[in-house]
Amino acid sequence: MPRRHCAVIESGIRPQFRVGIWRVFYPWIDPDLLLLQGYVEPTITRPSIIEFHFRRVVRRLVSSLGRLYQSVREWDRFLEEGGLTSARPYLAFDIPEEAGIAADSVFHYLNLFIDDLARIIPFVLTEEVNPKESDGFSAIKNILIKGNLAASQTLIKLFAELNREASWWSRGFRRGVGMRQRLTHYTDLVIFEGSTKPGDAKMSADVSLATIGGPVRVADFEEALKMLLSDLCEWLDLLDNELLNCLSKQLKKKGVSWNPFDEPSPVVVLPEPDEAMLDASHYLYLPMCAQP
């Protein structure tokens, strides 16, 4: 089965971010599915409200990733042109500010992204009209692991493995050490510097996450973000498989036949890559795939 969470870049079409997990909202927002369930008029439900928010969060996350990536590439060019000895030395201050704001924004919207998924999960796993929502992603993770919400063993294991030190959640969101935690609750910033690497003739970027007046937390911020998003996308592939199968079974009880995997994954249009991106192994730090 093709990857359902990845960047797709093909000639002739705009780059896209495939977001398969979006389909977990379909039973509450898709007109055809609503009609098959007997709803003749659109109704505003809690899941439809969460989806409305999720839709905007995804687009703002993509926009933030685009701003960050472009700013770091501008920092690369600035250093290649001589840095402080270039024709525009003031960029030594302007670019890090813009890029730092974008980095903060990425983790803000990434946190909202996973929190919205946490909010919808009780609606997926139960047939209650208004089940109790979890208070964020960490809460639903603990609820599932402790068995306080009926779920398959596969789903429970999927959340339990996030407690591993190397998981995307631990690296990004674990209390006290995750990148989002460091940026939000501590005196940490994404720092932009430059150095001439062994064998190179020009300076290149050094982008790190560091505590002001303290240690460097993440030496290669871009690589860490790339790894986090790659692992997250792989995890989302597994998550939406479990949740969509659960929804399909619930709809079948209502006499509704729905196989979400027969449908193309929802997509968000990405900014066009510039020439510097043509040979890159990733785009906006997202894992890339070419399958339609």
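This section describes the cysteines, the two open sheets, and the largest pocket and cavity of a predicted model. Residues are numbered from 1 along each chain as its sequence is written, and side-chain values use heavy atoms, with hydrogens and water left out. Because the model is predicted, local features need pLDDT of at least 70 and side-chain atom pairs count only at pLDDT 80 or more, whereas totals for chains, interfaces and linings use all residues.

A disulfide is defined as a pair of cysteine sulfur atoms within 2.5 Å. By this rule the model has 1 disulfide, formed by Cys-6 and Cys-289 with an S to S distance of 2.2 Å. The two residues lie 283 residues apart and link distant parts of the chain, with Cys-6 in strand E1 (residues 5-8) and Cys-289 in strand E7 (residues 288-289). Helices (H or I, at least four residues) and strands (E, at least two) are DSSP runs, numbered from the N terminus. Accessibility is classed by relative accessible area as buried (under 20%), exposed (over 50%) or partly exposed (in between), with a 1.4 Å probe and protein chains only. Cys-6 is buried at 1% relative accessibility, and Cys-289 is buried at 11%. Cys-233 is likewise buried, with a relative accessible area of 2%. The closest cysteine sulfur to that of Cys-233 is in Cys-6, at 7.3 Å, which is too far for a bond. Cys-246 is partly exposed, with a relative accessibility of 22%.

Two strands are taken to pair if DSSP finds at least two bridges between them. Both disulfide-linked strands, E1 and E7, belong to an open sheet of 4 strands in the order E6-E2-E1-E7, with mixed pairing. Strand E6 (267-269) and E7 are at the edges of this sheet; each has a single partner strand, so one side of each is left without a neighbour in the sheet. E1 pairs with strand E2 (residues 16-19) in the antiparallel sense over 4 bridges. Within this pairing, the bridge partner of Cys-6 in E2 is Arg-18.

A further open sheet has 3 strands in the order E3-E4-E5, and its pairing is antiparallel. Its edge strands, each pairing on one side only, are strand E3 (188-196) and strand E5 (216-218). From one strand to the next the twist averages 50 degrees, where axes are lines fitted to C-alpha atoms (for helices, over the stretch in contact) and angles run from 0 to 180 degrees between N-to-C directions. E3 and E4 are joined by 9 bridges in the antiparallel sense, and Glu-193 stands opposite Asp-206 in E4. The hairpin of E3 and E4 has 6 residues between the strands, among them Gly-199, which takes a positive phi near 90 degrees. Strand E4 (residues 203-211) pairs with E5 over 2 bridges, again in the antiparallel sense, with Ala-210 opposite Val-216 in E5. In the hairpin of E4 and E5, 4 residues lie between the strands, and Gly-213 in the turn has a positive phi of about 80 degrees.

Pockets and cavities were found on a 1 Å grid over the protein atoms alone: a cavity is a set of points where a 1.4 Å probe fits but cannot get out, a pocket is an open set with protein on both sides within 12 Å along at least five of seven lines, and lining residues have an atom within 4 Å of a point. Grid points are joined across faces, edges and corners, and a volume is the space filled by probe spheres set on the points. The largest pocket has a volume of about 430 Å³. Its lining comprises 19 residues, with Trp-28, Tyr-39, Glu-128, Val-129 and Lys-254 nearest the centre. Helix H1 (26-29), helix H3 (46-80) and helix H9 (221-253) each give two or more residues to this lining, and H9 gives the most, with 3 residues. The lining has 9 nonpolar, 6 polar and 4 charged residues, where Ala, Val, Leu, Ile, Met, Phe, Trp, Tyr, Cys and Pro count as nonpolar, Asp, Glu, Lys and Arg as charged, and the others, Gly among them, as polar.

The structure holds 1 cavity of 30 Å³ or more, and the volume of the largest cavity is about 60 Å³. Residues lining the largest cavity include Phe-17, Leu-61, Phe-113, Cys-233 and Leu-286. At least two lining residues come from each of H3, helix H4 (91-125) and H9, and H9 contributes the most, with 4 residues. By class, the lining of the largest cavity has 10 nonpolar, no polar and no charged residues.
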